[in-house]
Amino acid sequence: MQLAYTSADQTTIQATLEAGETLGNLHGPGTCFVPTDGGNAEYNDIVARSLPIGPYVPPPG
Amino acid sequence: MANIKISAAADAGTLLGTDMVPMARSGSSTAYHATMAEIQTFTSATASGSMNNVGRNLLHNGLFYIQQRGAGPWTANGNFTADRWGISLALDTVSVSMVGLTDANRAAIGDEAAVWCLYNSFTGNAGAAANNVVFQRLEDARRLSGKTITVSFWASAASGTPKLGVSIDQAMGTGGSPSATVIGNGQSVTLGAPARYSMTFTVPSLSGKTLGTNGDHSTQLNIWYSSGSTNATRAGNVGVQSGAIWLWGMQLEIGSVATPLDKPDPVQQALQCERFYQIGQGTMSGYAAGASQSLYSTTALLVQMRAQPTVVLSPAGGTNYSGVTASTITGGSFVQTATSSAAGQVAWNYSYTASADL
């Protein structure tokens with residue numbers, strides 16, 4: 001599973017799940033966008049599992 | 001409360017409002033006083049039919065009309081099936097799908113509104129921790145705490161006479177230092193031909209408990225199909241079993257009696273489900289002066305969601321873009337961002353899911 005912030009204010013995390021991986025209520029494979037909201041099941045799963053989150057990488061240009 | 005009286009002046013035989021008939025009282029003439037208990041008895045006996053009342057059923061999608069994820073089958077722990085209904089399992093195998101009921105089913109139920117059932121074909125595992133459950137989490141644990149509730153449903157077994165268990169848990173949510181989940185003891189019924197079953201539970205008070213600060217606490221209704229010894233009490237001692245069972249007309253209401261099935265308008269059912277999960281489509285287009293230009297588009301969600309949802313974007317065609325992301329997600333909208341590949345028109349079509357399921 002790969003996690004990275006999608007914005008500099010760190011309000012959203014892009015999560016890329018491989019087949020067989022789960023995050024909150026979601027099952028991989030696929031890419032989802034998780035808000036850093038304590039009421040969100042996927043974000044709570046990230047926090048509970050202490051998954052590392054990559055930094056925001058701004059688009060080129 | 002014991003001395004509360006409601007008075008009405010009318011002659012015997014005269015209707016009050018729609019259906020209220022003055023009660024005969026010895027020694028009374030034109031007025032009577034009904035106690036609150038009498039009013040409650042009268043109301044429960046007549047209101048659901050005469051007033052077509054709705055709102056008693058606190059479950060969402062109890063008729064399984066709303067199927068934004070399709071008809072299945074679903075087989076994995078954590079899968080959601082019909083909207084709002086999830087699967088929890090350990091070691092057992094399940095295949096949950098939405099199956100159309102037949103005219104014979106409808107005749108047995110006695111209601112032609114029965115269209116879809118939740119069908120679970122399952123195999124129980126002998127392991128102590130094994131189980132399989134279909135659940136719904138009802139938002140806000142305080143809505144039901146300290147109350148007597150009744151769960152009712154129609155069910156039938158494909159063959160044999162398996163048991164079906166029901167239990168109620170109270171999850172305190174996340175954030176801060178919430179108290180531990182309160183696990184309820186289960187009850188069970190033995191199934192056969194289609195029939196309506198009901199069970200009454202006393203939901204514990206939350207007095208003295210600490211709820212999480214994230215607003216995601218809930219009351220969880222569990223339907224147990226099989227269970228090893230570890231969860232036997234929770235499961236109503238259904239035991240380890242295999243079979244196939246269909247459910248329809250799920251209802252959970254406050255009170256100690258199962259009243260007629262409350263079937264909300266389809267519009268209301270859809271809105272209830274979309275508070276937790278929704279799917280949609282959209283188009284974005286714009287013009288880029290060159291490569292690596294960021295383009296933005298805001299998507300408004302269909303209804304305000306329970307919490308900020310997780311968004312999955314599925315591009316379905318377009319031109320001259322890459323790197324679509326979602327950000328600035330709120331309960332009512334999200335922003336898509338894409339990067340142009342070159343100067344010129346940029347456009348994309350997409351579908352999305354937004355999940356704020358409990």
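B:Arg69 is partly exposed, with a relative accessible area of 22%. The exercises start from that residue. The model is predicted.

**Exercise 1. A bridge at B:Arg69**

Find the residue whose side chain meets that of B:Arg69 in a salt bridge, and locate both residues in chain B.

Solution.
Step 1. The partner is B:Asp357, with N to O at 2.6 Å.
Step 2. B:Asp357 sits in the segment after strand S18 (344–355) of chain B, while B:Arg69 sits in the loop between helix H1 (36–50) and strand S3 (86–90). The two are 288 residues apart, so this pair links distant parts of the chain.
Step 3. Compare the burial. B:Asp357 is buried at 2% relative accessibility, under the 20% cut-off. B:Arg69, at 22%, is partly exposed.

**Exercise 2. Two further bridges**

Describe the salt bridges of B:Glu139 and A:Asp45: which residues pair with them, and how buried is each side?

Solution.
Step 1. B:Glu139 pairs with B:Arg275 at 2.7 Å, N to O. B:Glu139 lies in strand S6 (residues 131–139) of chain B and B:Arg275 in the loop between H3 and S13, so the bridge ties together parts 136 residues apart in sequence.
Step 2. B:Glu139 is buried at 18%. B:Arg275 is partly exposed at 29%.
Step 3. In chain A, A:Asp45 meets A:Arg49 at 2.8 Å, N to O. A:Asp45 is buried at 17%, and A:Arg49 is partly exposed at 39%.
Step 4. The total over all chains is 6 salt bridges.

**Exercise 3. Helix H3 of chain B**

Work out which residues of H3(B) are buried, what they pack against, and which residue caps the N-terminal end.

Solution.
Step 1. H3(B) covers residues 266–274, and B:Gln269, B:Gln272, B:Cys273 and B:Glu274 are buried.
Step 2. The buried residues pack against strand S13 (277–288) of chain B.
Step 3. The cap is B:Asp265: a side-chain oxygen lies 2.8 Å from the backbone nitrogen of B:Val267.

**Exercise 4. An unpaired cysteine**

Explain why B:Cys273 forms no disulfide.

Solution.
Step 1. The closest cysteine sulfur belongs to B:Cys117 and is 17 Å away, too far for a bond. The cut-off for a disulfide is 2.5 Å.
Step 2. B:Cys273 is buried, at 1% relative accessibility. A:Cys32 is buried as well, at 2%.
Step 3. The count over all chains is 0 disulfides.

**Exercise 5. The contact of chains A and B**

Determine how much area is buried between chain A and chain B, what contacts cross the interface, and which elements of chain A supply the residues.

Solution.
Step 1. About 1700 Å² is buried, and carbon and sulfur atoms give 49% of that area. On the side of chain A, the residues that lose the most area are A:Asn25, A:His27 and A:Phe33, together 33% of what that side buries.
Step 2. The contact takes 22 residues from chain A and 28 from chain B.
Step 3. The interface has 0 salt bridges. It has 13 residue pairs in polar contact.
Step 4. Strands S2 (12–17), S4 (26–27) and S5 (30–35) and helix H1 (41–48) of chain A each supply at least two residues. S5(A) gives the largest share, 5 residues.
Step 5. By type, the side of chain A has 8 nonpolar, 12 polar and 2 charged residues.

How values were computed: Residues numbered from 1 in each chain as written. Chains lettered and ligands numbered in written order. Predicted model: local features only at pLDDT ≥ 70, side-chain atom pairs only at ≥ 80, totals over all residues. Heavy atoms only, no water. Contact = heavy atoms within 4.5 Å. Buried area = accessible area lost by both parts, 1.4 Å probe. Salt bridge = Lys/Arg side-chain N within 4 Å of Asp/Glu carboxyl O. Polar contact = N/O pair within 3.5 Å; in protein donor to acceptor, adjacent residues only side chain to side chain. Helix = DSSP H or I, 4+ residues; strand = E, 2+ residues; numbered from the N terminus. Nonpolar A, V, L, I, M, F, W, Y, C, P; charged D, E, K, R; others polar. Buried < 20%, exposed > 50% of the residue type's maximum accessible area, 1.4 Å probe, protein only.
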